[in-house]
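Welcome to this guided tour! Keep your viewer open, get ready to select residues by number, and take each stop at your own pace.

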Amino acid sequence: MEDQLLKWLNGEINEDELRKTIDPADVLKYKQILGEVDRWVPDNDSLVFDPKDVTGQPKQTKTRSLHPMVPVSIAASILLVISALLWLTVFTDKSSYSTGVAEVREVTLPDGLSKVTLAPNTEVSWREEDWTSNQRKINLTGKAFFQVEKGSPFEVLASTGKVEVLGTNFEVDVFSKSMNVLCFEGKVRATALDGQAIVVEGGEGRLYHRGEWEAAVPTENILPSWLGSETEFKRAPLIQVIKSLEKQYGLEVIPGSVNLERRFTGSFPNEQLDVALRIVFDPLDISYKKQGNKLYLSE
């Protein structure tokens with residue numbers, strides 16, 4: 001297997017040829033690891049052994065045409081890194097991806113077909129044993145959009161409950177002790193931590209808030225609004241809107257005595273903080289004052 005990996009890194013075989021000898025799911029892992037390696041910055045202060053210092057002879061170097069993702073001189077080292085990271089993956093038995101403030105990231109899931117797009121300040125993770133021919137499970141903290149190909153049962157597990165599907169497109173937003181599930185096509189089954197379960201049909205959203213599922217809210221969207229230039233809400237609790245503002249703009253909102261159960265319908269821009277604050281708080285007669293990354297509210 002290592003010989004085939006080295007040939008791939010050297011550009012001697014393409015990805016399709018690699019898949020003939022290595023499981024496609026493993027190929028996906030190698031590509032993800034290479035993506036991380038590409039972002040590494042070498043430590044210029046590290047001590048490097050130079051044979052010239054011992055032998056007095058100039059070093060002889062060889063160059064080869066490598067995989068375009070890999071610098072010429074480190075193919076073998078990359079192979080060792082891949083092997084080490086895969087060993088760690090097997091024994092830690094967990095993969096995780098996350099986003100920072102205002103960051104959106106798409107991740108291909110272990111079945112090679114399903115995808116998850118993470119909203120700002122979101123994390124997903126899974127264990128290798130959770131992806132088999134009988135089940136697919138993923139843990140979510142934050143908000144994400146799932147595009148699930150048909151196959152074995154698919155579960156999104158969160159601190160507030162879980163969402164189960166066979167294959168569809170849907171969004172899950174976990175905030176505070178609540179959860180909003182928006183289904184764009186097909187249908188999903190959402191179960192709160194206390195066992196209350198409902199079915200969310202395509203073209204509607206359901207909110208679990210203050211210990212109960214609220215009435216369905218229709219949507220005409222075919223994708224989450226936050227994948228574009230705005231984030232949209234319909235009859236959303238103010239706490240949900242505030243959490244989205246915090247994640248999008250890196251804020252810490254201090255609500256004071258403001259009633260966080262008030263509802264908001266509308267959308268705020270994802271790249272204009274001043275406009276976003278006016279749109280959300282002015283119609284509710286809520287005053288705000290920004291100091292650094294903190295936003296103080298008052299009524």
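How far apart are the end C-alpha atoms of helix α6, and what should its twelve residues span at 1.5 Å a residue? Before you check, please keep in mind that this is a predicted model.

**Stop 1: helix α6**

Select residues 238-249, which make up α6. The expected span counts one less than the number of residues. For the twelve residues of α6 that gives 16 Å, and the end C-alpha atoms are 16 Å apart, so the two values agree.

Now turn on the surface of the rest of the protein and see how much of α6 is hidden. The helix is mostly covered, with eleven of its twelve residues buried. Among the buried ones are L238, I239, V241, I242 and L245. The list also includes residues such as Q240, S244, E246, K247 and Q248, and Y249 is buried as well.

Step just past the end of the helix and click on G250. This glycine follows α6 and has a positive phi, near 70 degrees.

**Stop 2: a cavity inside**

Next, look for empty space. The structure holds two cavities of 30 Å³ or more, and the largest has a volume of about 360 Å³. To find the largest cavity, select N180, L182, E232, F233 and K234, which lie nearest its centre among the 23 residues of the lining.

Which elements give two or more residues to this lining? Colour β9 (169-175), β10 (178-185), β13 (204-209), β15 and β16 to see them. Of the elements, β16 gives the most, with six residues.

**Stop 3: two positive phi angles**

Stay with β16 and select R235, which is located in that strand. R235 is not a glycine, yet its phi is positive, about 50 degrees. With a relative accessible area of 47%, R235 is partly exposed.

Then move to S176, in the loop between β9 and β10. S176 is not a glycine either, and has a positive phi of about 50 degrees. Is S176 buried or exposed? Its relative accessible area is 53%, so S176 is exposed.

**Stop 4: charged partners**

Show side chains now. Side chains of opposite charge can pair when their charged atoms come close. A search of the whole structure finds nine salt bridges, and you can visit a few of them here.

Begin with R127 and D130, whose side chains meet in a salt bridge at 3.2 Å, N to O. R127 is partly exposed, at 38% relative accessibility, whereas D130 is buried, at 6%. Add E129 to your selection: R127, E129 and D130 are linked in a network of salt bridges.

Then select E155 and K162. Their side chains meet in a salt bridge too, at 3.4 Å, N to O. E155 counts as buried, with 14% relative accessibility, while K162 counts as partly exposed, with 29%.

For the last pair, pick R210 and E261, which form a salt bridge at 3.7 Å, N to O. Which parts does this pair tie together? R210 lies in the loop between β13 and β14 (212-213), and E261 lies in the loop between β17 (252-254) and β18 (263-269), so the pair ties together parts that are 51 residues apart in sequence. R210 is exposed, with a relative accessible area of 66%, and E261 is partly exposed, at 29%.

**Stop 5: two residues that meet in space**

Stay in the loop between β17 and β18 and click on G256. This glycine is exposed, with a relative accessible area of 59%. Now add Y296 and measure from C-alpha to C-alpha in your viewer. How far apart are G256 and Y296 in sequence and in space? The two are 40 residues apart in sequence and 7.2 Å apart in space.

**Stop 6: a nonpolar patch**

Finish on the surface. Select V104, I222, L223 and L227, which form a nonpolar patch with about 360 Å² of accessible area together. Zoom in on L227, in the loop between β15 (217-218) and β16 (230-237). At 36% relative accessibility, L227 counts as partly exposed, because that class covers the values between 20% and 50%.

How values were computed:
Residues numbered from 1 in each chain as written. Predicted model: local features only at pLDDT ≥ 70, side-chain atom pairs only at ≥ 80, totals over all residues. Heavy atoms only, no water. Patch = residues over 30% accessible without salt bridge, like charges linked within 9 Å, V, L, I, M, F, W, Y side chains within 5 Å. Areas by Shrake-Rupley, 256 points an atom, 1.4 Å probe, with all protein chains shown as cover. Salt bridge = Lys/Arg side-chain N within 4 Å of Asp/Glu carboxyl O. Helix = DSSP H or I, 4+ residues; strand = E, 2+ residues; numbered from the N terminus. Buried < 20%, exposed > 50% of the residue type's maximum accessible area, 1.4 Å probe, protein only. 1 Å grid on protein atoms, 1.4 Å probe; cavity = no way out; pocket = protein on both sides within 12 Å on 5 of 7 lines; lining within 4 Å. Points joined across faces, edges and corners; volume = space filled by probe spheres on them.
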